[in-house]
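This report reads through one model, part by part. The sequence and the structure come first.

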Amino acid sequence: MSRTTERARRVAERVTDPELPMLTLADLGVLRDVDVVGDSHVVVDITPTYSGCPAMAAMRDDLVRELQGAGFDRVEVRVSLDPAWTTDWITPEGRAALAAAGISPPGPAPSTSGPIPLTLLPTARQVRCPQCDSPATELVSEFGSTACKAQYRCTACLEPFDHVKEI
Amino acid sequence: MNEHIHTTPEDEHDSAYSGLLVNDAHWAFGTDFEDPLAGVDTSIPDGVDAPVLAAYALMLGDDALVMSHRISEWTSNAPDLEDDIALSNIALDLLGQARLLLARAAKADASVVPALPEGSPAPPEDALAFFRDAHDFRNVRLAELVNGDFAEAVVRVLLFSVWRLATFERLRSSRDHVLAAVAAKGVKELAYHRDYSARWFVTLAQGTDESRRRLVAALDALWPLWPELFDTHAVEAAAAGAGVGVDPASVREAAEGVLDQVLAAADVPRPEAPRRAGVLGRTGRDGMHGEPLSLMLAEMQSVARAHPMGQW
């Protein structure tokens, strides 16, 4: 990797997610590739977390702004749909940052090859309260404040919290 | 006006407005057109008829768009906050699928996109969503019905997502890279939609007499539109034959199997109502829709049509 590409990558990796600002796009795993073509033309590949993720436009604008600010005149942000994003791509640093911000990080993503079995009982997860670390937590809803989160509550300290759900 | 939101440094952290007054660049949405398929390989696979691929993508896209809009009408109207959020999330996932699929249709065959005034900034997927009339929509009729009560929403999301998930599970191996990628991502989303509605189905069926009565009534009312989901339209047959689409008839067994599991858990018998006939054999896939779709589109499309040159 050339030094210029390395520099572009470092700039792109600093950009944070608009809805989870404690995470960089690299930590979230949506930054798929950064390449420099010629002297100052950067091509960045990002992948959506969910099909309707409204943060994509903001991510793209932030990448363009940061890279142009770092002297790259032409910034091209492309969409990478394949392979589909999985929470398994959230880095250990990203998981630590989520927990530090009071958001429970995801467990291992379920396999999605073949038919997906119906589950009529609430998804069983080993979720610890990000506030008090108690394992006594219960699911409130599989859908939360953003597409990627479920809502939980801690039955020990009674605090509600978000959990990044596994996909 | 400004003095009303003026804050001192001491109370700044209490002001909901303070964050809006700095770093505007962070929220520079919509400064230019964003292609949802920018950089994606949208070449047509060998041996595939581009108009067939476009028509097939429109069908899947219209299903998602119309269903998304109906579910989005629940926003701020659901029985409680958690289900309001859940239904809004489901609508958002489907809207995202619709956007990619309509964009795919436009890329495969630009002639499906309605002509807009020269210089209109509306991207092709918006032109398809907002500038077609009801008879050009290819969604199944289940998606377009006027909303009923919460039980009706639960049953409709269940029927729709059981069928769509079974379809997308197979669509993952489409020879079209875009459809395969949309399906691979959509499967994960639809699994959450299906399981959410299936749990509510069992809960309402096993709840009070009133909740069960409403659930069974909703199932009876929607049941006549279930068989239409498995009809094979000529476009779907051609897309399946070319290896880019899924023949709806081929997912019937899988979908019925899942639905039977839910019915058994809820102890609700399969309804016996006959299927709703089409008009001279034509149904949603042929552009034959009921009045509810026209009324829905009149509302959904009114702003975009009034401002075809609008920049959002």
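## The β6–β7 pairing in chain A

In β7(A), P160(A) is the bridge partner of R153(A). The model is predicted. On its other pairing, R153(A) of β6(A) stands opposite E138(A). A further pair links β6(A) and β7(A): Q151(A) stands opposite D162(A).

β6 of chain A spans residues 149-154, and β7 of chain A spans residues 160-164. The two strands run antiparallel to each other and share five bridges. Five residues lie between them in the hairpin. One of the residues in this hairpin, L158(A), has a positive phi near 70 degrees.

## The sheet of chain A

How many strands make up the sheet, and in what order? The sheet is open and has four strands, ordered β4-β7-β6-β5 in chain A. Its pairing is mixed. β4 (103-104) and β5 of chain A are the edge strands, each pairing on one side only.

β5(A) pairs with β6(A) in the antiparallel sense, over four bridges. Is β6(A) mostly covered or mostly open? β6(A) is mostly covered, with five of its six residues buried. Strands of a sheet are held in pairs by backbone hydrogen bonds, in parallel or antiparallel fashion.

## Domains of chain A

The domain assignment splits chain A into two parts. Domain 1 covers 3-79. Domain 2 is made of 104-109 and 121-164. Taken over C-alpha atoms, the centres of domain 1 and domain 2 of chain A lie 29 Å apart.

## Where the chains meet

The contact between the chains draws 31 residues from chain A and 44 residues from chain B. Which elements of chain A supply at least two residues each to the side that touches chain B? They are α3 (56-69), β3 (74-79) and β5 (137-141) of chain A. α3(A) gives the largest share, six residues.

The side of chain A that touches chain B is made up of 15 nonpolar, eight polar and eight charged residues. β5(A), an edge strand of the sheet, is among the elements that supply this side.

## The fold of chain B

Chain B has 10 helices and zero strands. Its pattern along the sequence is α-α-α-α-α-α-α-α-α-α. Chain B has 312 residues, and 46% of them count as buried. Among contacts in chain B with a separation of 6 or more, 74% join residues 24 or more positions apart.

## The nonpolar core

The largest nonpolar core has 143 residues. Which residues have the most contacts inside it? They are Y56(B), A57(B), V154(B), V155(B) and F201(B). Helix α6 of chain B (residues 177-205) gives the most to this core, 17 residues. Chain A takes part too: domain 1 and domain 2 of chain A each provide at least three residues. In soluble globular proteins, nonpolar side chains tend to be buried together.

A57(B) deserves a closer look. Not counting residues up to four places away in sequence, A57(B) touches L101(B), R104(B), A105(B), A108(B) and L179(B).

## A103(B) in helix α3

Helix α3 of chain B, residues 81-108, contains A103(B). Why does A103(B) count as buried? A103(B) counts as buried because 25 C-beta neighbours lie inside 10 Å, and the cut-off is 20 or more. Leaving aside neighbours within four places in sequence, A103(B) is in contact with P36(B), L37(B), P124(B) and E125(B).

F160(B) is 57 residues from A103(B) along the chain. Their C-alpha atoms are separated by 22 Å.

## Helix α8 of chain B

Helix α8 of chain B covers residues 234-241. Which of its residues are buried? V235(B), E236(B) and A239(B) are. These residues lie on the same side of α8(B), because they cover an arc of only 95 degrees around the axis.

The buried residues of α8(B) pack against α2 (50-72) of chain B. Just after α8(B) comes G243(B), with a positive phi of about 80 degrees.

Conventions
Residues are numbered from 1 along each chain as its sequence is written. Chains are lettered from A and ligands numbered from 1 in the order in which they are written. Two residues are in contact if their C-beta atoms, placed from the backbone, lie within 7 Å. Ala, Val, Leu, Ile, Met, Phe, Trp, Tyr, Cys and Pro count as nonpolar, Asp, Glu, Lys and Arg as charged, and the others, Gly among them, as polar. A residue is buried if 20 or more other C-beta atoms lie within 10 Å of its own, exposed if 12 or fewer, and partly exposed in between; C-beta atoms are placed from the backbone. The arc is that of the directions from the helix axis to the C-beta atoms. Two strands pair if DSSP finds at least two bridges between them. Domain bounds come from an automatic or database domain assignment. A nonpolar core is a set of buried Ala, Val, Leu, Ile, Met, Phe, Trp, Tyr and Cys residues joined through C-beta atoms within 7 Å.
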